[in-house]
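User: I'd like to walk through the binding site in this model with you. Could you take my questions one at a time?

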Amino acid sequence: MAEVMERQKLVEALKAMGQLLRRHAVETTTLAGSGHPTTCLSAADIVATLFFTTLRYDVPNPDNPLNDRFVLSKGHAAPLLYAVWAEAGAFPVEHLKTLRRIDSELEGHPTPRFKWAEVATGSLGQGLSIANGMALAAKMDKLPYRVYALLGDGEVAEGGVWEAIAFASYYKLDNLTAIVDVNRLGQSAPTMLQHDLETYARRFEAFGWHPIIVDGHDVEQLMAAFEQAKTVKGKPTVILAKTIKGKGVSFLEDKEGWHGRPLPKDLAEKALAELALTEEQIALARSLKVRAPEDGVPSLPSVPEGWHRAIEFPRYELGQQVATGKPTVTG
Ligand SMILES: Cc1ncc(C[n+]2csc(CCOP(=O)(O)OP(=O)(O)O)c2C)c(N)n1
Ligand SMILES: [Mg+2]
């Protein structure tokens, strides 16, 4: 009985967290006057559940090599990414208000200026390849971290995504979980497959993946899917989450014409009224914590702080001609 109660409380807390993240996404994009609120609204329950039930992460130490990795391949959901890290305790929630300001590291799309984003994303179609590299590195370094990548359904039309899908199964990356936010809509039109989840599943399966179809707004289904993904051996898992773009705000739900548009002030107020939370619900959401990785992994390499950002930028002279196949020129 106590266990059932605990479980119910967790489910309520996750639902409240999803709404809280939605509120942040609406508020901050309206304040910034730009951004993609509907993109954030569809993925809020996925991100809330992943972070607060599954992800293992030492929040104050993004450079801890034992941390699970999260790649926001649909980088235009950056306001959602910042919101969840703020609620995870990475930085004060108040700082979210600086979204897209010239002096803020909370850029319109994530870059490593934001300490909890290891790579820049937003050019769609690249995140899964990056996640592959991280998952393969974990195998080579014999580290136990897992890698999660969140993709948009429009994004999955990119050819490079299918190269990454083939690569991941070839290398048996069972430490990799991709989640596709199947919200039916892309930028200016419905996607080719819209809500045909079965066809997505068959395609991923044909490429050697383990597909799981869920209702992407049902936190219990999401929790079960993340659990199941951890038990799959020898192949990567994809969670195909059926969602609604603009979820939670009646006048945005499943509507075309709202991609990449912040709400004007009056509509933002209407939206926030629909996304209202009681003080108790907010407190319940904020009782959730991201769990740190397990200790006790033997002989970790010593890693200098900022190791993954210690890159040398290319230098080009004005008028110099450089082949596109040779991207790095260091004087
Ligand atoms: C390579 C590339 N092409 C085009 C864009 C412009 N763009 C930004 S969001 C978007 C639509 C993405 O749709 P989807 O993946 O379904 O994401 P959603 O917003 O629905 O979650 C496009 C085409 C981009 N960011 N990157
Ligand atoms: Mg979409």
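**Ligand and metal contacts**

User: Which atom of ligand 1 does a polar side-chain atom of Q187 lie close to, and at what distance?
Analyst: Happy to start there, and please keep in mind that this is a predicted model. The contact joins a polar atom in the side chain of Q187 to ligand 1. Its partner is a nitrogen atom of the ligand, at 3.1 Å.

User: How much of the accessible area of ligand 1 does the protein cover?
Analyst: On its own, ligand 1 has 590 Å² of accessible area. Ligand 1 sits in the largest pocket. The share covered by the protein is 76%.

User: Which residue has a polar side-chain atom 2.6 Å from an oxygen atom of ligand 1?
Analyst: There are 17 residues around ligand 1, and those that come nearest are K74, H76, D153, K245 and T39. N183 also has a side-chain N or O atom facing a ligand oxygen, at 2.9 Å. The polar side-chain atom at 2.6 Å belongs to T39.

User: Which protein residues are donors of the magnesium ion (ligand 2)?
Analyst: Along the chain, the donors follow the spacing D-x29-N-x1-L. They lie 2.1 Å from the ion, through OD, OD1 and O respectively. These donors are D153, N183 and L185.

User: Why does the pair D153 and N183 tie together parts apart in sequence, and how far apart are they?
Analyst: D153 lies in the loop between β2 (147–152) and α5 (159–170). N183 lies in the loop between β3 (176–182) and α6 (197–206). The pair therefore ties together parts whose separation in sequence is 30 residues.

Conventions
Residues are numbered from 1 along each chain as its sequence is written. Chains are lettered from A and ligands numbered from 1 in the order in which they are written. This is a predicted model: local features need pLDDT of at least 70, side-chain atom pairs count only at pLDDT 80 or more; totals for chains, interfaces and linings use all residues. Side-chain values use heavy atoms; hydrogens and water are left out. A residue is near a molecule or strand if one of its heavy atoms lies within 4 Å of it. A polar contact is a pair of N or O atoms within 3.5 Å; within protein, one must be able to donate a hydrogen and the other to accept it, and residues adjacent in sequence count only if both atoms are side-chain atoms. Accessible areas come from the Shrake-Rupley method with a 1.4 Å probe; for residues, only the protein chains shown count as cover. On a 1 Å grid over the protein atoms alone, a cavity is a set of points where a 1.4 Å probe fits but cannot get out, and a pocket is an open set with protein on both sides within 12 Å along at least five of seven lines; lining residues have an atom within 4 Å of a point. A molecule sits in a cavity or pocket if more than half of its atoms lie within 2 Å of its grid points. Donors are N, O and S atoms within 2.8 Å of the metal (3.2 Å for Na, K and Ca); water is not among the atoms, so sites may look incomplete. Helices (H or I, at least four residues) and strands (E, at least two) are DSSP runs, numbered from the N terminus.
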